[in-house]
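Good morning, and thank you for coming. I would like to take you through one structure today, beginning with the place where protein and nucleic acid meet.

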Amino acid sequence: MPKQTFIYASKVTPSEETIKLRGWVYRIRKMKDKIFVILRDASGIIQCIGSKNQLTSEAWNMLNEAAIENYITVEGNPVEDNRAINNVEVKLTNFTIMHKGEIFPIAKDQSKEFMLDNTHLFVRSYKATNVWKVKASVLRSAREWFFENDFYETTPPILTGSACEGGSTLFSLKYFDHTAYLSQSIQLYLEALIYSLEKVYAITPSFRAEKMRTKRHVNEFWHIEGEEAFVDFEGNMKIQEELVAYIVQYVLKHNAKEFKELKRDTSVLETIKAPFNKISYKEAIDTLNENGFNLKWDEDMKTEEERALSTIIGEPFFIRDYPSSHKPFYVKLHEDDPKWCYSADLMAPEGFGELITGGQREDVLDTLIRRIKEEGWEVEDYAWYIDLRKYGSVPHSGFGLGAERLTWWLCGLDAIQETLPFPRTRNRVYP
RNA sequence: GCCGUUGUAGCUCAGUCUGGUGGAGCAAUCGGCUGUUAACCGAUCGGUCGUAGGUUCAAAUCCUACCAGCGGCGCCA
C-alpha cells in the first residue's frame with residue numbers, strides 16, 4: 001500500500017479511519033478548551049475541532065497560534081455532526097502550522113478598490129474559487145462540443161501586423177522595427193484555416209483598447225471563435241445555439257455546488273435548449289417600440305434598449321439581419337436587398353445582453369474589395385485576406401463567443417470583471 | 001473622450017452642509033469564555049483626514065489647482 005496521502009475536504013465522510021488534510025485556515029474560533037478551525041482547500045471547506053484534552057500540548061499550542069490563511073496540515077477522525085457544515089467534521093488528533101506567515105490583509109469588509117489592489121490574494125476567496133470552477137467548465141465543455149462536432153482546435157497568432165476593424169481600439173506595441181498590434185479577434189486567420197481544416201475553432205485572448213468602464217467590458221478577454229466552410233447564415237446560428245445549450249447543460253450537471261454557493265437561481269438556465277428564438281433586427285425595433293421606445297429601423301440599439309429587449313424576451317435569442325451600415329466589411333450582404341446583412345447577435349436573457357456576434361462572411365472577391373473601400377480602409381492592408389477569395393473561395397460563416405460574458409451570465413454575477421482572476425480594465429494592469 | 005462620484009486608523013465607514021482639542025465597527029495585542037458557524041464579552045494599540053496652495057484667531061470641514069480610485073455612457077464579446 002502506498003503511504004497515506006492527503007485527501008480533499010469535499011471527500012471527507014464519517015469513518016473509523018484517521019485522515020490527513022492540508023490546506024489553509026479559512027476561519028478560526030477559539031475558546032478555552034476547544035478550537036474550531038475551518039480548513040479550506042481547492043475542493044471546499046471543512047470544520048475541524050481541536051480539544052485541549054485530546055491533543056498534545058505542542059499541537060494545542062500551535063492551534064492557538066493559528067491565524068487566517070496559514071498553511072496547515074491536520075490529522076483526525078471524520079465524524080458525523082449536524083452542527084458542522086455538510087454534517088461532517090474532523091476531530092483533530094494532530095495539527096501543524098506549516099507556514100504561519102503574516103496577518104492576512106483581506107478581512108470582513110472590502111471595497112471594490114481594495115479588492116482590486118489585492119487581486120492576487122483575492123483569487124483564493126470562496127466566491128472567486130466558485131467562479132473559476134464554472135469558468136473552467138465553460139472552457140472544457142466548449143472544447144468537448146467542438147471535438148464531438150469535428151472541429152479542429154487551431155492556434156492563430158495574437159500578435160498581428162495589420163489592423164483589422166480599424167485602429168482606434170487596438171493596443172499597439174513595438175515589434176522590432178515595426179508596429180504590431182494585439183489581436184482583437186483571430187477571425188480573419190480562422191477564415192484562412194477553413195481552406196485546410198474546414199471546421200476550426202480557437203480559444204485565445206482578445207484585446208480591446210476601448211476606454212469604457214462598464215460591467216460588461218474588460219480590455220482583455222477570452223474569445224471562443226469558430227469558423228466553418230460550406231456553412232451558411234442559418235447553419236451558423238444552429239452551431240451557436242447548440243454550443244451554448246451544451247455548455248449550459250454541462251455546467252448545470254457539473255457545477256450545481258458552485259451555483260448554490262454563488263446563490264445563483266438556475267431555474268432560467270434549466271429551461272434552455274436549442275433552437276433559440278430568432279427575431280430580425282426590424283422585429284426587435286418593433287418590439288421595443290411596442291414597449292415604450294421610439295426607434296427608427298436603422299437606429300443603433302443602445303445598451304439600455306438591448307437590456308430591455310433581453311429582459312422582455314426572457315430566454316436566449318438571436319437578433320438577426322442587421323442593417324449593413326452597422327456591421328463591418330467582411331459580413332455578407334443580402335443578395336436581394338443589400339440594406340441588410342447576414343449578421344446575428346446572440347443575446348443572453350435576464351438583461352445580460354450580448355454573448356456572441358456571428359454571421360456569414362463575404363466570399364465574393366469584388367464585393368469584398370468594394371466594401372473595404374466603402375469603409376475607407378486601404379485595400380493593400382488586407383491583401384492577404386482578399387487573397388482568400390481568389391483561390392477556390394467557398395461560402396463560410398463564423399462567430400465569436402465571449403467566455404467571460406457567458407460565465408458572467410451563467411453565474412449571475414454583478415460584473416464581468418469578477419469572471420477574470422486578474423481583470424484588465426482602464427486603470428488596472430497591475431497586479 | 002464625456003458625465004458623475006469618492007479619498008479620514010491595516011479594512012469598512014461616520015464626522016464636512018452649519019469651521020472650534022479626530023469617532024465607531026472589524027483586524028491586531030492582552031485577558032475572559034458554555035459546540036462555535038465571518039462566535040461572544042472586557043481592555044489595549046492604532047490617524048501628516050489624498051497632495052499643494054489659499055481664506056481665517058482657528059480648517060478633516062470653506063476656496064483653488066493637481067493626483068488617484070470607483071460608477072456610468074459611446075463601443076462591443
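The protein surface near RNA strand B carries 27 charged residues, together with 13 nonpolar and eleven polar ones. Please keep in mind throughout that this is a predicted model. In total, 51 residues surround RNA strand B, and those that come nearest are Arg29, Asp109, Ser111, Leu355 and Arg405. Which parts of the strand face the protein? Of the RNA strand B atoms within 4 Å of the protein, sugar or phosphate accounts for 47%, and the rest belong to bases.

Three side chains allow us to look at this surface in more detail. In Lys32, a side-chain N or O atom is 3.5 Å from a phosphate oxygen of RNA strand B. Glu113 places a polar side-chain atom 3.0 Å from a sugar or linking oxygen of the strand. For Arg208, an N or O atom of the side chain is 2.9 Å from a sugar or linking oxygen of RNA strand B.

Let me now turn to the protein chain as a whole. Chain A has 431 residues, of which 48% are buried. Its secondary structure consists of 13 helices and 16 strands. Measured out along the principal axes, the C-alpha atoms occupy a box of roughly 85 × 55 × 45 Å. Among contacts in chain A with a separation of 6 or more, 66% join residues that are 24 or more positions apart.

How is the chain divided? The domain assignment gives domain 1, residues 9–99, and domain 2, residues 116–419. The centres of domain 1 and domain 2, taken over C-alpha atoms, are separated by 46 Å. Where the domains meet, eight residues of domain 1 contact five residues of domain 2. The area buried between domain 1 and domain 2 is about 510 Å², and carbon and sulfur atoms give 47% of that area.

I shall close with three individual residues. The first topic is Ile35, which is found in strand 2, spanning residues 34–41. Is Ile35 buried or exposed? Ile35 counts as buried, because its relative accessibility is 0%. Leaving aside residues up to four places away in sequence, Ile35 touches Ile28, Arg29, Lys30, Cys48, Ile49, Gly50, Trp60, Leu63 and Asn64. Arg29, as mentioned, is among the residues that come nearest to RNA strand B. As a sense of distance across the model, the C-alpha atoms of Ile35 and Trp384 are separated by 68 Å, with their positions 349 residues apart along the chain.

Next is Thr160, in strand 7, which covers residues 159–160. Thr160 has a relative accessibility of 9% and therefore counts as buried. Beyond residues up to four places away in sequence, Thr160 touches Ala180, Tyr181, Ser183 and Tyr189.

The last residue is His396, placed in strand 16, residues 396–402. His396 is at 0% relative accessibility, so this residue too counts as buried. What does the side chain of His396 reach? It reaches the backbone oxygen of Val394, at 2.9 Å. Again not counting residues up to four places away in sequence, the residues touched by His396 include Glu191, Tyr195, Glu227, Phe230, Gln360, Asp363 and Arg389.

Notes:
Residues numbered from 1 in each chain as written. Chains lettered and ligands numbered in written order. Predicted model: local features only at pLDDT ≥ 70, side-chain atom pairs only at ≥ 80, totals over all residues. Heavy atoms only, no water. Near = heavy atom within 4 Å. Polar contact = N/O pair within 3.5 Å; in protein donor to acceptor, adjacent residues only side chain to side chain. Nonpolar A, V, L, I, M, F, W, Y, C, P; charged D, E, K, R; others polar. Helix = DSSP H or I, 4+ residues; strand = E, 2+ residues; numbered from the N terminus. Buried < 20%, exposed > 50% of the residue type's maximum accessible area, 1.4 Å probe, protein only. Contact = heavy atoms within 4.5 Å. Domains from an automatic or database assignment. Buried area = accessible area lost by both parts, 1.4 Å probe.
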